[in-house]
Amino acid sequence: MDEQDLKHLAAAVELAREGLEAGDEPFGSVLVTGDDEVLRQDRNRVAAGDNTRHPELALAQWAANNMSGDARALATVYTSGEHCPMCSAAHGWVGLGRIVYASSSRQLSGWLAEWGAPPSPVRPLPVQEVAPRVAVEGPEPELAEEVRKLQMEMWRRRGLPIGGPGTTT
Ligand SMILES: [Zn+2]
């Protein structure tokens, strides 16, 4: 992971923070071309009731409609948390390139178990179990810790007895 990677990854974590503050969930993603140009970014938008509104899925669908196959293959998706199986599948189906994540699904599962959060309805498989040809990098320890705090804050707001006020700052 180089300096540009870290910059885009930090932007994804910032989008995750926006998601949390907007009442959605703390997940954010950035789509970057092979020439290091930011094309599109998004964050989680599930609060209105559609639990498929993950940024990684939105970016894959956008890429399918707005980028050539060659451009998609050269692009990188930076994301605060490793893609879930739905988003990994979408990423694989549309032929996007590398995924760089701040925190892994394994880390998230561990945190949720530790905090006594309800289990996810979808199994937290690693990207490469769903889309084996996708190159994957992560986690990144410092940003993963940021993501952990954002997740902790969300679950604290939902009533789990963890963390404390101001843990996201
Ligand atoms: Zn997802």
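1. In this predicted model, the crossing of helices H2 and H4 is left-handed. The axes of H2 (residues 55-66) and H4 (residues 85-94) come within 8 Å and cross at roughly 15°; since angles under 35 degrees count as roughly parallel, the two helices are therefore described as roughly parallel to each other.

2. On the H2 side, the contact with H4 is made by Glu 56, Leu 57, Ala 60 and Ala 64, while H4 contributes Met 86, Cys 87, Ala 90, His 91 and Val 94. Sorted by class, this contact has seven nonpolar residues, one polar residue and one charged residue.

3. A second helix pair is formed by H1 (residues 3-21) and H7 (residues 141-157), which pack at an angle of about 5° with their axes 10 Å apart; H1 and H7 are therefore also roughly parallel to each other. From H1 the contact involves Leu 6, Leu 9, Ala 10, Val 13, Ala 16, Arg 17, Leu 20 and Glu 21, and from H7 it involves Leu 143, Glu 146, Val 147, Leu 150, Glu 153, Met 154 and Arg 157. By class, the contact of H1 with H7 has ten nonpolar, no polar and five charged residues.

4. Turning to the strands, the model has an open sheet of five strands in the order S2-S1-S3-S4-S5, with mixed pairing. Its edge strands are S2 (38-43) and S5 (136-137), each of which pairs on one side only.

5. The mixed character of the sheet can be followed at strand S3 (residues 76-81), which pairs with S4 in the parallel sense over five bridges, whereas S1 (residues 28-32) and S3 pair in the antiparallel sense over four bridges. In the pairing with S4, Val 77 has Ile 99 as its bridge partner; in the pairing with S1, Val 32 stands opposite Thr 76 of S3.

6. Strand S4 (residues 98-103) deserves a separate remark: five of its six residues are buried, so the strand is largely enclosed by the rest of the structure.

7. Finally, Thr 76, which is found in strand S3, has a relative accessible area of 9% and is therefore buried, the cut-off for that class being under 20%. Leaving aside residues up to four places away in sequence, Thr 76 touches Val 30, Leu 31, Val 32, Arg 98 and Val 100. Val 32, one of these, is also the residue that stands opposite Thr 76.

Conventions:
Residues are numbered from 1 along each chain as its sequence is written. This is a predicted model: local features need pLDDT of at least 70, side-chain atom pairs count only at pLDDT 80 or more; totals for chains, interfaces and linings use all residues. Side-chain values use heavy atoms; hydrogens and water are left out. Axes are lines fitted to C-alpha atoms, for helices over the stretch in contact, and angles run from 0 to 180 degrees between N-to-C directions. Angles under 35 degrees count as roughly parallel, over 145 as roughly antiparallel, 65 to 115 as roughly perpendicular and the rest as oblique. A crossing is left-handed if the near helix is turned anticlockwise from the far one by less than a right angle, and right-handed if clockwise. Contact means heavy atoms within 4.5 Å. Ala, Val, Leu, Ile, Met, Phe, Trp, Tyr, Cys and Pro count as nonpolar, Asp, Glu, Lys and Arg as charged, and the others, Gly among them, as polar. Buried means under 20% relative accessible area, exposed over 50%, partly exposed in between (1.4 Å probe, protein chains only). Two strands pair if DSSP finds at least two bridges between them.
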